[in-house]
Amino acid sequence: MKKGIKRGPKNPQDKQHGLEVTIEKNRTEMSLKSMQFNRFMLIRYATAFFLFVNLYWAIIMWQTPVALIPVALMLIASVAIIEQIKLFGHHTNRLIYSKVFFRSQLIVNVILMVSVPTSLFTFFYQFIQNTGSNRLVVLILLLLSCSILLIVNKRLGLIATNHDKYYARLRAYQSVLKNNKEMK
């Protein structure tokens, strides 16, 4: 045998044990990464929901200047989506572009709510017949979407300060892993 060449363990049991340790380490790392990523699940679904709502609104209003509003919101949402995708590889608690998107969407929704009882209703919603019941339906939908946006903004704030329930679960899981490691 040549001097200076290191060979792996001669015992197959040592090799098997090393493989099991590596698999368990990878499984633990992936679990932690998934738990961190899942903290943002509501934010990801809400971003997708509002992206498609804005897309639908832009398509319907394409021939009018109103289409610029949903198109601008979709551009902001696209940057937020890229930011959220990067979370899996590089974890952070502060989603700057997502906050900008949800706050922009909230501002637009509030402006749209204020416009419902005014003559601007027909400007923003040219595809809806101008009746009292249709205005009420639009107002209810805008109120529901504002509620979602407020919940998402609150969740973003909780995540940024590590006060969300998923962070508590993550810390508990890390504690269990640490205790199991110390017991071995």
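Both aspartate 164 and arginine 39 are buried, and in this predicted model the two residues form a salt bridge in which the closest N and O atoms are 2.8 Å apart. The pair links distant parts of the chain, since aspartate 164 sits in the loop between H6 and helix H7 (165–183), whereas arginine 39 sits in the loop between helix H1 (12–38) and helix H2 (41–60), with the two positions 125 residues apart. A search of the whole structure finds one salt bridge, and the contact between aspartate 164 and arginine 39 is a salt bridge.

The loop that carries aspartate 164, between H6 and H7, is also where asparagine 162 is found. The backbone of asparagine 162 has a phi near 60 degrees, which is a positive value in a residue other than glycine. Asparagine 162 counts as partly exposed because its relative accessibility is 27%, a value that lies between the limits of under 20% for buried and over 50% for exposed; aspartate 164, by contrast, is buried.

From the loop at the other end of the salt bridge, where arginine 39 lies between H1 and H2, the reader can move on to the packing of the helices. The axes of H2 and H3 come within 9 Å and cross at roughly 155 degrees, and because an angle over 145 degrees counts as roughly antiparallel, H2 and H3 are roughly antiparallel to each other. The crossing of H2 and H3 is left-handed. A similar description applies to the next pair: the axes of helix H3 (residues 68–85) and helix H4 (residues 96–115) come within 8 Å, with a crossing angle of roughly 155 degrees, so that H3 and H4 are likewise roughly antiparallel to each other. The crossing of H3 and H4 is also left-handed.

What, then, is the crossing angle between the axes of H2 and H4? The axes of H2 and H4 come within 11 Å and cross at roughly 45 degrees, which makes H2 oblique to H4, because 45 degrees falls neither under 35 degrees nor within any of the other named ranges. The crossing of H2 and H4 is left-handed.

A pair of residues gives a more local view of these two helices. Isoleucine 43 is found in helix H2 and counts as buried because its relative accessibility is 0%. The C-alpha atom of isoleucine 43 is separated by 8.1 Å from that of serine 98, although the two residues are 55 residues apart along the chain; the position of serine 98 falls within the range of helix H4, residues 96–115.

Further along H4 come two neighbouring positions, asparagine 109 and valine 110, whose surroundings can be set side by side. Asparagine 109 is buried because its relative accessible area is 4%, whereas valine 110 counts as partly exposed because its relative accessibility is 38%. Each of them also has a partner at a distance of 33 residues in sequence: asparagine 109 and leucine 142 are 6.2 Å apart in space, C-alpha to C-alpha, while the C-alpha atoms of valine 110 and leucine 143 are separated by 8.5 Å.

After H4, the chain enters the loop between H4 and helix H5 (120–124), which is the place of valine 116. Valine 116 counts as buried because its relative accessibility is 4%, and its C-alpha atom lies 20 Å from that of arginine 103, a residue 13 positions away in sequence.

The last stop is helix H6 (residues 132–160), in which leucine 141 lies. Is leucine 141 buried or exposed? Leucine 141 counts as exposed because its relative accessibility is 51%, a value that passes the limit of over 50%. Leucine 141 is also one of the residues of a nonpolar surface patch of about 470 Å², which is made by Leu136, Val137, Ile140, Leu141 and Leu144.

Conventions
Residues numbered from 1 in each chain as written. Predicted model: local features only at pLDDT ≥ 70, side-chain atom pairs only at ≥ 80, totals over all residues. Heavy atoms only, no water. Patch = residues over 30% accessible without salt bridge, like charges linked within 9 Å, V, L, I, M, F, W, Y side chains within 5 Å. Areas by Shrake-Rupley, 256 points an atom, 1.4 Å probe, with all protein chains shown as cover. Salt bridge = Lys/Arg side-chain N within 4 Å of Asp/Glu carboxyl O. Helix = DSSP H or I, 4+ residues; strand = E, 2+ residues; numbered from the N terminus. Buried < 20%, exposed > 50% of the residue type's maximum accessible area, 1.4 Å probe, protein only. Axes fitted to C-alpha atoms, helices over the stretch in contact; angles between N-to-C directions. Parallel < 35°, antiparallel > 145°, perpendicular 65-115°, else oblique. Left-handed = near helix turned anticlockwise from the far one by under 90°.
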